Amino acid sequence: MPKRTDISSILVIGAGPIIIGQACEFDYSGSQAIKALKEEGYRVILVNSNPATIMTDPGLADATYIEPIVPEALKKIIKEEKPDALLPTMGGQTGLNAALTLQRDGVLEKYGVRMIGAKAEAIDKAEDRELFRQAMEKIGLDLPRSAFVNTSELKARFRKEYEEGLKAAGGDPDARARFEAEWLEHEWERREEHRLEAMRQIFAAYKVTGLPAIVRPSFTLGGTGGGIAYTLEELYDIALGGVDASPTSEVLIEESVLGWKEYEMEVVRDVDDNCIIVCSIENVDPMGVHTGDSITVAPALTLTDREYQRMRNAAIAVLREIGVETGGSNVQFAVNPQDGRMVVIEMNPRVSRSSALASKATGFPIARVAAKLAVGYTLNELKNEITGGATPASFEPTIDYVVTKIPRFAFEKFPGAEPVLTTAMKSVGEVMAIGRNFAESLQKALRGLETGLDGLDEVAIDGIGESADAERDAVRAALSVPTPDRLLKIAQALRMGVAVDVVRDITGYDPWFLRQLLAIIGMENRVKAHGLPEDAANFRRLKAMGFSDARLAKMSGKTEQAVRALRHRLGVRPVFKRIDTCAAEFASPTAYMY
């Protein structure tokens, strides 16, 4: 299908300021989208409140507005520019929420602006927790037991009473002033009524889900306002905060799936209903840690082919039912490691943080393709530039390496902040590393954090060195709480001889990942016991597991310069590998390297 000719100008909404939960990945996506749309001859109008971005460079969009991403400002820009279409899926949650508000207020209809990429109904169905649950039940997909807390009707009643009071006061300034004063005087009563109504609904939800329970507000970014409640008091506290944080005054309270394995599927769809899976992503950390704060790997490494195909089919079914017509979406799943039960957690009907990771991991430009799909192209009509057009965009990427993403935290910059990871995102960035195997990519990623690590370094665990019982309790205490350095503490526990099954029971980490850590530790012990190998084959084995010269120097008691000299004498030097989206099946003139 050729590109649309009924539109000539497109408004793109950016993501706004860089904050926790929303960073430069949306600048990356937005910049790709703008370039793709301009290639097709469309006039692009950009709105973004953050001037410190690539997308706001003067030469990128045809018209750039550095304005707050709020309905009032957007309405003025639409009135001035008169765009034919609005692309809301490149600006994260900020862009989606702003577009939905414009739709509900009738601004888009008034000025004849069409939403492309995802319709308002699809965004609502994906982001509204109740509508999403109904959609998943309709197609027979399992979800955690859940109940909703929604106080929007009560707030609407208050708003109506206020408007009626102003109307009754008429144009008399004194009457209006008296009404305003009386309204403010009774504000505490309305707040208390709202709190009690929310608490009544929270208690009803608790009767459905039990404890612990997961709180997920609707239409918020990075899990803002959500959390895990272990007691009824915590449930009241977190859910009330979630109701306040949600622009629709709604939270989902669901049964705990803590400790389950978490996966994501990056899906792309076109107007002809062609769907591809760009990338599968597996969280190393189990459910209970926000995916933005979790160590993740691509592709998923612990699924059987049958499990992968089931998840793939479910992700595509979700996209079709929600109604995302074109572009990329992210679908999240949880799998019970005990019985294999799979549940759908949520989906993002837009380019997300994970989309940027999947794009860089596979070489498939999700945002660029999504922008072209939004203006009418189909996947088979778009060429894969990495392979020089030898494959179409409908060709699912295949990767022959492992990508590891590790989040970066800066709790030292937030005095009083608790360095404990929950379902609300707290990381301020992330590093991605690529290797031929998990061990290599993991150790490269740890070095890339720039926190002084040379790889899977030793760390201290408080309480070690006391009695055997005290040490056992200290290890359990260190591993049971999700913290930014829990992976290093897990490795330290394995060095101390704690069994893989014990670590799995405490942390919920899949045994496959724990055995990979154990393999790294086993190689460490060989170097410590026998020194560095004197032959190229064994030295190459060390480098293939991601050991840096600095790490080898520490383990062998040599200097880093001595390790490097030995490595060069043996002819063991770095090589570059190719990211080509097709595992070398086709030539790739524009591949990038790792």
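**Ring pairs, salt bridges and a surface patch**

Ring pairs link Tyr162, Phe179 and Trp183 into a cluster.

Student: Before we get into that cluster, what kind of model is this?

Tutor: This is a predicted model, and what follows describes its rings, charges and strands as they stand in that prediction.

Student: OK, how many aromatic pairs does the count come to?

Tutor: The count comes to 10 aromatic pairs. One of them joins Tyr162 to Phe179, with 5.7 Å from centre to centre and 40° between the planes, and this pair is tilted. It links distant parts of the chain, since Tyr162 belongs to helix α7 (residues 152-169) and Phe179 to helix α8 (residues 173-185), 17 residues apart.

Student: And Phe179 with Trp183, what's the geometry there?

Tutor: The ring centres of Phe179 and Trp183 are 5.9 Å apart and their planes stand at 40°, so this pair is tilted. Both residues sit in helix α8, four residues apart, which is about one turn of the helix.

Student: Which of the three are buried, and which partly exposed?

Tutor: Phe179 is buried, with a relative accessible area of 16%, and Trp183 also counts as buried, at 16% relative accessibility. Tyr162, at 25%, counts as partly exposed, because the cut-off for buried is under 20% relative accessible area.

Student: What lies over the face of Trp183?

Tutor: Arg190 does, at 3.5 Å from the ring centre of Trp183. Elsewhere, Lys360 lies over the face of Tyr28, at 4.7 Å from the ring centre.

Student: Switching to charges: how many salt bridges are there?

Tutor: The count comes to 43 salt bridges. Among them is the one between Glu40 and Lys372, whose closest N and O atoms are 2.8 Å apart. This pair links distant parts of the chain, with Glu40 in the loop between α1 (25-39) and β2 (43-47), Lys372 in helix α13 (residues 366-374), and their positions 332 residues apart.

Student: Are Glu40 and Lys372 buried or exposed?

Tutor: Glu40 is buried, and Lys372 is buried as well.

Student: Does α7 come back anywhere, I mean, what does Arg157 bridge to?

Tutor: Arg157 forms a salt bridge with Glu193, and the closest N and O atoms are 3.1 Å apart. Here helix α7, which holds Arg157, is linked to helix α9 (residues 187-209), which holds Glu193, and the two residues are 36 residues apart. Arg157 is partly exposed, with a relative accessible area of 38%, and Glu193 counts as partly exposed at 33%.

Student: What about Asp454 and Lys554?

Tutor: Their side chains meet in a salt bridge of 2.8 Å, N to O. Asp454 lies in the loop between α14 (438-448) and α15 (468-480), while Lys554 is in helix α20 (residues 549-556), so the pair ties together parts that are 100 residues apart in sequence. Asp454 counts as buried, at 15% relative accessibility, whereas Lys554 counts as exposed, at 53%.

Student: And which residues are linked in a salt-bridge network?

Tutor: Asp457, Glu458, Arg495, Glu524, Lys528 and Arg551 are linked in a network of salt bridges.

Student: New topic: how is strand β6 placed?

Tutor: Strand β6 (residues 146-150) is mostly covered, as four of its five residues are buried. It pairs with strand β9 (residues 250-255) in the antiparallel sense over five bridges, and Leu252 in β9 is the bridge partner of Phe148.

Student: Last one, which residues form the nonpolar surface patch?

Tutor: Ile20, Phe414 and Val428 form it, with about 240 Å² of accessible area together. Val428 is in the loop between β15 (402-408) and β16 (429-435) and counts as partly exposed, at 42% relative accessibility.

Key. Residues are numbered from 1 along each chain as its sequence is written. This is a predicted model: local features need pLDDT of at least 70, side-chain atom pairs count only at pLDDT 80 or more; totals for chains, interfaces and linings use all residues. Side-chain values use heavy atoms; hydrogens and water are left out. Rings of Phe, Tyr and Trp (its six-membered ring) pair if their centres lie within 6.5 Å; planes under 30 degrees apart count as stacked, over 60 as edge-to-face and the rest as tilted. Buried means under 20% relative accessible area, exposed over 50%, partly exposed in between (1.4 Å probe, protein chains only). A charge sits over a ring if NZ of Lys or CZ of Arg is within 6 Å of the ring centre and within 35 degrees of the ring normal. Two strands pair if DSSP finds at least two bridges between them. Patches are made of residues with over 30% relative accessible area and no salt bridge: like charges are joined within 9 Å, nonpolar side chains (Val, Leu, Ile, Met, Phe, Trp, Tyr) within 5 Å. Accessible areas come from the Shrake-Rupley method with a 1.4 Å probe; for residues, only the protein chains shown count as cover. A salt bridge is a side-chain nitrogen of Lys or Arg within 4 Å of a carboxyl oxygen of Asp or Glu.
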